[in-house]
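Here are some short exercises to work through with the model open in your viewer. Try each task before you read its solution.

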Amino acid sequence: MARALIHVPATAKRGEIIEIKTLISHVMETGYRIGVTGAPIPRDIITDFVCTYDGEKVFRARLFPAIAANPYITFFTVATASGTLTFSWTDQHGATQVQTAAITVE
Amino acid sequence: MTPSRLSRRKMLQAAGALAGTGGFLRLAIRPAAATPEMMQEAVRNAVGEAPIKKGKVKIDLPPLVENGNSVPCTVSVDSPMTRADHVKAIHIFNEKNPQPNVISVQLGPRAGRAAFSTRIRLADTQTVTAIAEMSDGTCWSDDIYVIVTLAACIEEPN
């Protein structure tokens, strides 16, 4: 779907609260703008973002057209164990982009 | 005389009806701004009938926004985020964008800290509200009045 940037600390102490930053390039076209031909530009947005930590859901967001282009979301989670964080963005047509990041917990 | 008067009246009626339809069509196509009532409805759809109290939640937005297309927004909630007492969801609403919803976030005890940031669009100078749903069913809110000088949604596409 698009290019995504994710920032997760490479290592963390057990039980530490870590901040995760995500950004995906997407127009997030609202559907309220009028194009050069006079016709409204059809809506094209990402509607859903989910982050799972070793399969367990830790954060989920439902996005609306009021989210700026290139949705940027930061949130927190507890570093429980070394593992994989999976990030997935789904657009209104059902296309999903999945990206993963590894974390080592000491 | 009579037929001509009648036809004139009919024509006027027809013109009125046409103007009415035209106005309606324009309303349907143009981004009709959400109203505070629409926002209240959206709030009720999201959190149900639970009473919403002020406090615990903090919404952070710049008070003066130059460009409404991308406004940094942070919401944090005062919560220990344990299994017994945590924030279930945080919603952001606005009064005057075409749609009252901005974002709805689901959290749990795994979040550790009930906070998130994003960038939002604001179509006008307005009040933005954040509402947090707690695990015990209570709802807390905070709002902020934001002045927007260049609005989102209405700008010309390139």
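## Warm-up: the two chains

In this predicted model, 37% of the 158 residues of chain B count as buried.

**Exercise 1.** Describe the make-up of chain B and of chain A: how many helices and strands are there in each?

*Solution.*
- Start with chain B, which has 2 helices and 9 strands. Read from the N terminus, its elements follow the order α-α-β-β-β-β-β-β-β-β-β.
- Now turn to chain A, with 0 helices and 8 strands. Its elements, again from the N terminus, run β-β-β-β-β-β-β-β.
- Next, look at burial in chain A: 29% of its 106 residues are buried.
- Add the dimensions of chain A, whose C-alpha trace spans about 60 × 20 × 20 Å along its principal axes.
- Finish with the contacts that have a separation of 6 or more. In chain B, residues 24 or more positions apart account for 70% of them; in chain A, such residues account for 56%.

## Where the chains meet

**Exercise 2.** Find the side of chain B that touches chain A, and work out which elements give two or more residues to that side.

*Solution.*
- Begin with the contacts: 29 residues of chain B are in contact with 29 residues of chain A.
- Then ask which elements of chain B supply two or more residues to this side; they are β6 (101-106) and β7 (115-120).
- Last, sort the residues on this side of chain B by class, which gives 13 nonpolar, 12 polar and 4 charged.

**Exercise 3.** Trace the open sheet strand by strand; which strands are at its edges?

*Solution.*
- Follow the order of the 6 strands: β1(A)-β3(A)-β6(A)-β7(B)-β4(B)-β2(B), with antiparallel pairing.
- Pick out the edges, where a strand pairs on one side only: these are β1 (4-7) of chain A and β2 (57-60) of chain B.
- Note the twist, which averages 15 degrees from one strand to the next.
- As background, strands of a sheet pair through backbone hydrogen bonds, either parallel or antiparallel.
- Now zoom in on the pairing between the chains. Strand β6 of chain A (residues 72-78) joins β7(B) in the antiparallel sense, over 3 bridges.
- Locate residue partners here: Thr74(A) stands opposite Ser117(B), while Phe75(A) has Phe116(B) as its bridge partner.

## Two residues up close

**Exercise 4.** Is Thr129(B) buried or exposed? Find its place and its surroundings too.

*Solution.*
- Find the residue in strand β8 of chain B, which covers residues 126-134.
- Count the neighbours. Thr129(B) has 24 C-beta neighbours inside 10 Å, and the cut-off for buried is 20 or more, so Thr129(B) counts as buried.
- List what Thr129(B) touches once residues up to four places away in sequence are set aside: Phe93(B), Ser141(B) and Asp143(B).
- Compare sequence with space: Thr129(B) and Thr35(B) are 94 residues apart in sequence, and their C-alpha atoms are 13 Å apart.

**Exercise 5.** Repeat the analysis for Ile34(A): where does this residue lie, and which burial class does it belong to?

*Solution.*
- Place the residue: Ile34(A) lies in the loop between β3 (17-24) and β4 (46-53) of chain A.
- Count again. There are 15 other C-beta atoms within 10 Å, and buried takes 20 or more while exposed takes 12 or fewer, so Ile34(A) is partly exposed.
- End with a distance: Ile34(A) and Phe87(A) are 53 residues apart along the chain, and 33 Å separates their C-alpha atoms.

How values were computed: Residues are numbered from 1 along each chain as its sequence is written. Chains are lettered from A and ligands numbered from 1 in the order in which they are written. This is a predicted model: local features need pLDDT of at least 70, side-chain atom pairs count only at pLDDT 80 or more; totals for chains, interfaces and linings use all residues. Two residues are in contact if their C-beta atoms, placed from the backbone, lie within 7 Å. Helices (H or I, at least four residues) and strands (E, at least two) are DSSP runs, numbered from the N terminus. Ala, Val, Leu, Ile, Met, Phe, Trp, Tyr, Cys and Pro count as nonpolar, Asp, Glu, Lys and Arg as charged, and the others, Gly among them, as polar. Two strands pair if DSSP finds at least two bridges between them. Axes are lines fitted to C-alpha atoms, for helices over the stretch in contact, and angles run from 0 to 180 degrees between N-to-C directions.
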